[in-house]
Amino acid sequence: MDEDCKLEVNSAYISDGYSKEVEIAVRAVHMACLLCQRVQENLLSESSEHVHSKEDDSPVTIADWSVQAIVSWVLSEAYGSNVSIVAEEDVEALSKASAAGLLEAVVRTVNECLADAPRFGLKGPDTDLDAKAVLEAISRCSLAGARGSKFWVLDPVDGTLGFVRGDQYAIALALIEDGEPVLGVLGCPNYPIKKEWLSYQNGYRRILSRLTSSTSESSDRGSVLYARKGGGRAWMQPLLRGENKFVWPNSAREIRVSSIDNPALATFCEPVEKANSSHSFTAGLAHSVGLQNQPLRVYSMVKYAAIARGDAEIYMKFARAGYKEKIWDHAAGVLIIEEAGGVVTDAGGQPLDFSKGVYLEGLDRGIIACAGAKLHETIIGAVDASWNSSSL
């Protein structure tokens with residue numbers, strides 16, 4: 001970084017450990033959030049051919065590739081081209097001759113975003129990146145790094161189905177050291193100021209735009225949450241509005257989990273889609289512990305954000321047989337909840353293990369995140385009591 005873009009660390013918001021890494025990661029995720037907002041607006045306003053399906057039928061968009069390129073480029077500029085980054089997307093589909101138009105759109109999107117880098121206190125490239133440079137940035141991220149002692153893990157667009165439907169999604173970036181997340185950043189471009197708006201699914205953005213003016217409080221959306229291991233604090237910054245420049249700490253405020261420990265008053269989150277999670281089992285658990293509120297079904301790691309921010313108290317995910325949880329779907333969110341005062345374990349009460357590669361190997365049945373230890377113990381007990389009668 002040049003002198004004009006030098007980072008200035010405010011110790012009131014980050015302790016000395018990982019201060020540089022936190023600031024760079026937060027700025028990169030902010031950039032990625034605004035990129036995604038622009039791409040999503042285009043997806044919602046016109047028929048787009050830039051949504052493709054992977055082998056598992058999950059969608060991938062120009063935002064997935066573009067965000068991966070942006071974050072990869074920023075981290076490599078900060079830490080050198082040998083920085084280890086584990087991420088989901090590869091360049092195989094993007095490199096085909098038949099995908100020339102798609103690649104062109106990704107390159108254009110990446111350069112538009114990087115042109116904004118000085119606004120975020122980062123130095124952009126001297127000239128626009130060409131297609132080769134963009135593909136190199138994307139492919140710099142690989143699955144092989146997941147077995148190293150220190151690596152970044154990125155989910156460029158977590159909840160792509162929510163993204164293409166105009167709903168919730170997240171950009172998740174974490175730093176793993178010796179099998180544990182030590183830094184987590186979670187960008188939630190559509191996260192509303194008011195908790196109630198989270199309940200609007202399948203077209204949240206469309207509903208919001210129809211029911212509110214652009215100047216209303218309800219229309220304010222988008223935030224970046226972050227924490228570092230051992231800090232005992234988690235923070236949330238609003239996304240930039242208009243032409244404002246990013247000045248650290250960018251109106252950050254501390255967030256804490258809810259103090260509710262009575263199941264009858266708690267709200268629990270679960271995935272929207274039933275494909276890789278059992279709604280029936282979580283519904284049975286909710287009934288058995290006396291949960292009375294309707295579940296908050298939200299796409300992506302926004303569920304982790306909801307608990308960290310105090311908008312919900314419980315997240316339960318019990319995957320169907322054969323489904324394996326990936327580290328990039330959980331690393332950032334787990335750390336942020338823990339530093340905000342919450343508890344995240346598998347259903348056996350053990351911490352999640354990020355040291356075994358791309359997947360969360362050895363996971364006991366499912367994942368349980370709670371706003372506090374008392375609530376967590378209640379859910380763990382209910383799982384043990386109900387498991388043998390389940391069909392999972």
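Me: Is Phe-120 buried or exposed, and which of the two is Phe-246?

Reply: Phe-120 is buried. Phe-246 is buried as well. Note that this is a predicted model.

Me: How many aromatic pairs does a search of the whole structure find?

Reply: The search finds six. Phe-120 and Phe-246 form one such pair.

Me: What makes the pair of Phe-120 and Phe-246 tilted?

Reply: Start with distance. The ring centres are 6.3 Å apart, and pairing needs centres within 6.5 Å. Now the angle. The planes stand at 40°. Stacked means under 30 degrees, edge-to-face means over 60, and the rest count as tilted. The pair of Phe-120 and Phe-246 is therefore tilted.

Me: How do you know that this pair links distant parts of the chain?

Reply: Look at the two loops. Phe-120 lies between helix H3 (100–114) and helix H4 (131–139). Phe-246 lies between strand E8 (234–238) and strand E9 (253–255). The two residues are 126 residues apart.

Me: Why is the pair of Tyr-304 and Tyr-315 called edge-to-face?

Reply: Their ring centres are 5.2 Å apart, with the planes at 85°. Edge-to-face asks for over 60 degrees, so the pair of Tyr-304 and Tyr-315 qualifies. Tyr-304 belongs to helix H8 (residues 302–308), and Tyr-315 to strand E12 (residues 314–317). They are eleven residues apart.

Me: Why do Tyr-304 and Tyr-315 count as buried?

Reply: Buried means under 20% relative accessible area. Tyr-304 has 2%. Tyr-315 has 3%. Each value is under the cut-off, so each residue is buried.

Me: Which residues form one aromatic cluster with Phe-120 and Phe-246?

Reply: Tyr-226 and Trp-248 join them in the cluster.

Me: How do you know that the charged end of Lys-324 sits over the ring of Tyr-359?

Reply: The charged end of Lys-324 is 4.5 Å from the centre of the Tyr-359 ring. The distance limit is 6 Å, and the charge must also be within 35 degrees of the ring normal. Lys-324 is listed as sitting over the ring of Tyr-359.

Me: Why is E8 called largely enclosed?

Reply: Four of its five residues are buried, so the rest of the structure largely encloses E8.

Me: What makes E8 a partner of E7 and of E9?

Reply: Two strands pair if they share at least two bridges. Five bridges join E8 to E7 (residues 221–228), and three join E8 to E9. Both counts meet the requirement, so E8 pairs with E7 and with E9. E7 and E8 run antiparallel, and so do E8 and E9. Met-236 of E8 has Leu-225 as a bridge partner and stands opposite Arg-253 in E9.

Me: How do you know that the span of H3 agrees with the expected one?

Reply: H3 has 15 residues, and at 1.5 Å a residue it should span 21 Å. Its end C-alpha atoms are 21 Å apart, so the values agree. Buried residues of H3 include Leu-102, Val-106, Val-110 and Leu-114.

Me: Which residues touch the most other members of the largest nonpolar core?

Reply: Cys-36, Trp-152 and Ile-171 do, in a core of 67 residues. Helix H1 (residues 19–45) gives the most to this core, with 14 residues. Among the residues that Ile-171 touches are Val-29, Cys-36 and Val-185. A second, separate core of 45 residues includes Tyr-191 and Ile-307.

Terms used
Residues are numbered from 1 along each chain as its sequence is written. This is a predicted model: local features need pLDDT of at least 70, side-chain atom pairs count only at pLDDT 80 or more; totals for chains, interfaces and linings use all residues. Side-chain values use heavy atoms; hydrogens and water are left out. A nonpolar core is a set of buried Ala, Val, Leu, Ile, Met, Phe, Trp, Tyr and Cys residues joined through side-chain atoms within 4.5 Å. Buried means under 20% relative accessible area, exposed over 50%, partly exposed in between (1.4 Å probe, protein chains only). Contact means heavy atoms within 4.5 Å. The expected span of a helix is 1.5 Å times one less than its number of residues. Lists of a residue's contacts leave out its neighbours within four places in sequence.
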